[in-house]
Amino acid sequence: ERVGITISSYPVERDLKKPAKGITGGMARGIVVGASTPVIIGAVAPVPGGTFIGLLIAPFTAIAGGVYGATKGVPPEDIEKAQAALVQAIDRLKTMNLRQTFINEVVKLGKKRTGREFVKLPESGPKDPKEVVRYDQMKLQDIDNVLELRIEEAGLQGPYSFDPPSFAFIKVFVQLVRAEDNETLIDETLFCVSEVDRKYIGWSENEGQFFVDEFIACIPEIADKIVDDFFLVYPIKTR
């Protein structure tokens, strides 16, 4: 089988979790955390009426959380400086044309590990997140299936706290489509998450180079996962 590979061209949704900003930001986040914590604990605790008890306590823990959070916010000027560095890092990533690097990596690994022929398709990928590309209406010569890559979201994810450590991540939706009738044969959402976590300010150090390096490192990792999950079958012992 001959597999054509294409990739989305629409902008990636960014999700950069930031720390609480200054006194007011820390207070606001502290109120939310303080109010929600007893309710969550009450819901999971093996105690009759635990959720109701948590709701009764929540107003008091919200006040305590707000007072505590007011001292835990990160100075606004530090956040703004870090944000500027990360924006510059994102701009550098854009100039690297990582989408084509991603396709090239899948083509290389696919040919090497499956014996199938993988080819890059011309600009035929989705240009909008909701677009359904009709590959069966294109003149795709000798292409049996199309492997469509959609880079949906990327950024920094971490717990909802005052200044939490976060992980760099990329979310990619992949589907294998039969070219003759546009039937989706298999699809999967894949994630790449950095092995190292850093605080928001830490990601911005060295002009955001840590941020850039993690996203570049994700390309071969996701490409390897795609080839494994979509084209290689490993026998599993039943006994």
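**Exercise 1. The disulfide**

Under the rule that a disulfide is a pair of cysteine sulfur atoms within 2.5 Å, the count comes to 1 disulfide. The model is predicted: local features need pLDDT of at least 70, side-chain atom pairs count only at pLDDT 80 or more, and totals for chains, interfaces and linings use all residues. Residues are numbered from 1 along each chain as its sequence is written, and side-chain values use heavy atoms, with hydrogens and water left out.

Task: State which residues form the disulfide, and determine its handedness.

Solution.
- Step 1. The partners are Cys192 and Cys218, with sulfur atoms 2.0 Å apart.
- Step 2. The torsion about the S-S bond of Cys192 and Cys218 is about -85°, so the disulfide is left-handed.
- Step 3. Because Cys192 belongs to strand β6 and Cys218 to helix α5, the pair ties together parts that are 26 residues apart in sequence. Helices (H or I, at least four residues) and strands (E, at least two) are DSSP runs, numbered from the N terminus.
- Step 4. Both Cys192 and Cys218 are buried. Buried means under 20% relative accessible area, exposed means over 50%, and partly exposed lies in between (1.4 Å probe, protein chains only).

**Exercise 2. The chain as a whole**

Task: Describe the secondary structure of the chain and its share of buried residues.

Solution.
- Step 1. The chain has 5 helices and 7 strands.
- Step 2. Read from the N terminus, the order of elements is β-β-α-α-α-α-β-β-β-β-β-α.
- Step 3. Of the 239 residues in the chain, 40% are buried.
- Step 4. Contacts (heavy atoms within 4.5 Å) are now considered. Among those between residues at least 6 apart in sequence, 73% join residues at least 24 apart.
- Step 5. The accessible surface of the chain is about 13,700 Å², and 57% of this surface belongs to carbon and sulfur atoms. Accessible areas come from the Shrake-Rupley method with a 1.4 Å probe; for residues, only the protein chains shown count as cover.

**Exercise 3. Helix α4**

Task: Compare the expected span of helix α4 with the distance between its end C-alpha atoms, and identify what covers its buried residues.

Solution.
- Step 1. The expected span of a helix is 1.5 Å times one less than its number of residues.
- Step 2. Helix α4 (residues 98-114) has 17 residues and should therefore span 24 Å; its end C-alpha atoms are 24 Å apart, which agrees.
- Step 3. The buried residues in α4 are Phe102, Ile103, Glu105, Val106, Val107, Leu109 and Gly110.
- Step 4. The cover over these buried residues includes β1 (2-7), β3 (117-120), β4 (145-157), β5 (165-178) and α5 (200-231).
- Step 5. After α4 comes Gly115, which has a positive phi, near 85°.

**Exercise 4. Salt bridges**

Task: Examine three salt bridges, those of Glu105, Lys171 and Asp229, and locate the partners in the chain.

Solution.
- Step 1. A salt bridge is a side-chain nitrogen of Lys or Arg within 4 Å of a carboxyl oxygen of Asp or Glu. The structure holds 10 salt bridges.
- Step 2. Glu105 pairs with Lys108, with the closest N and O atoms 3.6 Å apart. Both residues lie in helix α4, 3 residues apart, about one turn of the helix. Glu105 has a relative accessible area of 17%, so this residue is buried.
- Step 3. Lys171 pairs with Glu152, with the closest N and O atoms 3.9 Å apart. This pair links distant parts of the chain, with Lys171 in strand β5 and Glu152 in strand β4, 19 residues apart. Lys171 is partly exposed at 23% relative accessible area, and Glu152 is partly exposed at 27%.
- Step 4. Asp229 and Lys225 meet in a salt bridge of 3.5 Å, N to O. Both lie in helix α5, 4 residues apart, about one turn of the helix.
- Step 5. Arg113, Asp224 and Asp228 are linked in a network of salt bridges.

**Exercise 5. A loop residue**

Task: Locate Tyr160 in the chain, and decide whether Tyr160 is buried, partly exposed or exposed.

Solution.
- Step 1. Tyr160 is placed in the loop between β4 and β5.
- Step 2. With a relative accessible area of 49%, Tyr160 is partly exposed.
- Step 3. Tyr160 and Lys17 are 143 residues apart in sequence, and their C-alpha atoms are 8.5 Å apart in space.
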